Amino acid sequence: MIQRLSLLALLAAVTLTGCSPDVPGTEGLEQITIVLFEGADRELVEDIAEGVQGVYGVPVSVADGEPLPLPTEALDETRGQYLAATLRDGLPAPADEHDRTLGLTEADLYARKLNFVFGQAQLPGDRAVMSLARLRPEFWGHNEPDRDLLLERAVKIAVHELGHTFGLRHCDTPGCIMQFANVLLQLDQTNLEFCSDCHAKLGR
Ligand SMILES: [Zn+2]
Ligand SMILES: [Zn+2]
């Protein structure tokens, strides 16, 4: 109870001073698992996993077994899109609370009040989901497929969404991977790294 009260006092202090709340960071993180939804290409996702591993410095693996079916209750037939939060919250939780699960789908995702999202994370939490659909140059109709560009974008989104699960919010520092990006031009201009502030919050 004492602990609970002091936490509440801390939260109140944070609210009053306007500082950003403390973030849980990556302490205790040992494993990130990417879970495929049906239709995702395992070979491509293994390359994405390798890219994410290079940033977080812990093993990132692609879950064995059959890909998950897309939950029909998440589908908005008029939009032809799936509600990201339903996919995200239906993912298997990692065995250890410090670890993370990232779902990956080819389906186009949306969120309430947003036309689409590249991904969506629990903030903080242990699960996030991302879509490759709009990261593909050919999605936009006038470009050729480009695997390297797709891979680069996908690793950025994965790192960004996982950053949210560790409590990071959007960051205004130019180039920081935690900058909000809802168009590919912005995404392509961000770096695959955290700014020094975000890096410090992650505790890495
Ligand atoms: Zn974000
Ligand atoms: Zn930052």
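This tour moves through a predicted model, from the whole chain to its sheet, then to two helices and one residue between them.

**The whole chain**

Begin with the entire protein in cartoon representation. The secondary structure amounts to six helices and nine strands. Colouring by burial would show that 32% of the 204 residues count as buried. If contacts are drawn between residues at least 6 apart in sequence, 63% of them join residues at least 24 apart.

**The five-stranded sheet**

Next, select strands β2, β1, β5, β9 and β8. In that order they form an open sheet with mixed pairing. At the edges stand β2 (60–62) and β8 (119–121); each has a single partner strand, so one side of each is left without a neighbour in the sheet. From one strand to the next, the twist averages 20 degrees.

**Strand β5 and its two partners**

Narrow the selection to β5, residues 100–105. Six of the six residues of this strand are buried, so β5 is largely enclosed by the rest of the structure. Display the side chains: Arg100, Leu102 and Leu104 point one way, while Thr101, Gly103 and Thr105 point the other way, and all are buried.

Add β1, residues 32–36, which runs parallel to β5 and is joined to it by five bridges. Two positions along this pairing are worth labelling. Isoleucine 32 has arginine 100 as its bridge partner in β5, and isoleucine 34 stands opposite leucine 102.

Now add β9, residues 127–131. The pairing of β5 with β9 is again in the parallel sense, over five bridges. Here, glycine 103 of β5 stands opposite valine 129 in β9.

**Two helices across the sheet**

Keep the sheet in view and show helix α2, residues 42–56. This helix lies across β1, β2 and β5, and runs at about 165 degrees to β2. Then show helix α4, residues 147–165. The strands that α4 lies across are β1, β5, β8 and β9, and its direction is at about 155 degrees to β9.

**Where α2 meets α4**

Hide the strands for a moment and look at the two helices alone. Their axes come within 9 Å and cross at roughly 50 degrees; that makes α2 oblique to α4. The crossing of α2 past α4 is right-handed.

Which residues make the contact between α2 and α4? On the α2 side, select Asp47, Ile48, Gly51, Val52 and Val55; on the α4 side, select Leu151, Ala154, Val155, Ala158 and Val159. By class, the residues of this contact divide into eight nonpolar, one polar and one charged.

**Alanine 158**

Finish by centring the view on alanine 158, which has its place in helix α4. Is alanine 158 buried or exposed? The residue has 26 other C-beta atoms within 10 Å; a residue counts as buried at 20 or more, so alanine 158 is buried.

Restore the strands and display what alanine 158 touches: Ile48, Val52, Leu102 and Met130, leaving aside residues up to four places away in sequence. Among these, Ile48 and Val52 belong to α2, and Leu102 belongs to β5. As a last step, draw the C-alpha to C-alpha distance from alanine 158 to methionine 130: the two are 6.9 Å apart in space and 28 residues apart in sequence.

Technical notes:
Residues are numbered from 1 along each chain as its sequence is written. Chains are lettered from A and ligands numbered from 1 in the order in which they are written. This is a predicted model: local features need pLDDT of at least 70, side-chain atom pairs count only at pLDDT 80 or more; totals for chains, interfaces and linings use all residues. Axes are lines fitted to C-alpha atoms, for helices over the stretch in contact, and angles run from 0 to 180 degrees between N-to-C directions. Helices (H or I, at least four residues) and strands (E, at least two) are DSSP runs, numbered from the N terminus. Angles under 35 degrees count as roughly parallel, over 145 as roughly antiparallel, 65 to 115 as roughly perpendicular and the rest as oblique. A crossing is left-handed if the near helix is turned anticlockwise from the far one by less than a right angle, and right-handed if clockwise. Two residues are in contact if their C-beta atoms, placed from the backbone, lie within 7 Å. Ala, Val, Leu, Ile, Met, Phe, Trp, Tyr, Cys and Pro count as nonpolar, Asp, Glu, Lys and Arg as charged, and the others, Gly among them, as polar. A residue is buried if 20 or more other C-beta atoms lie within 10 Å of its own, exposed if 12 or fewer, and partly exposed in between; C-beta atoms are placed from the backbone. Two strands pair if DSSP finds at least two bridges between them.
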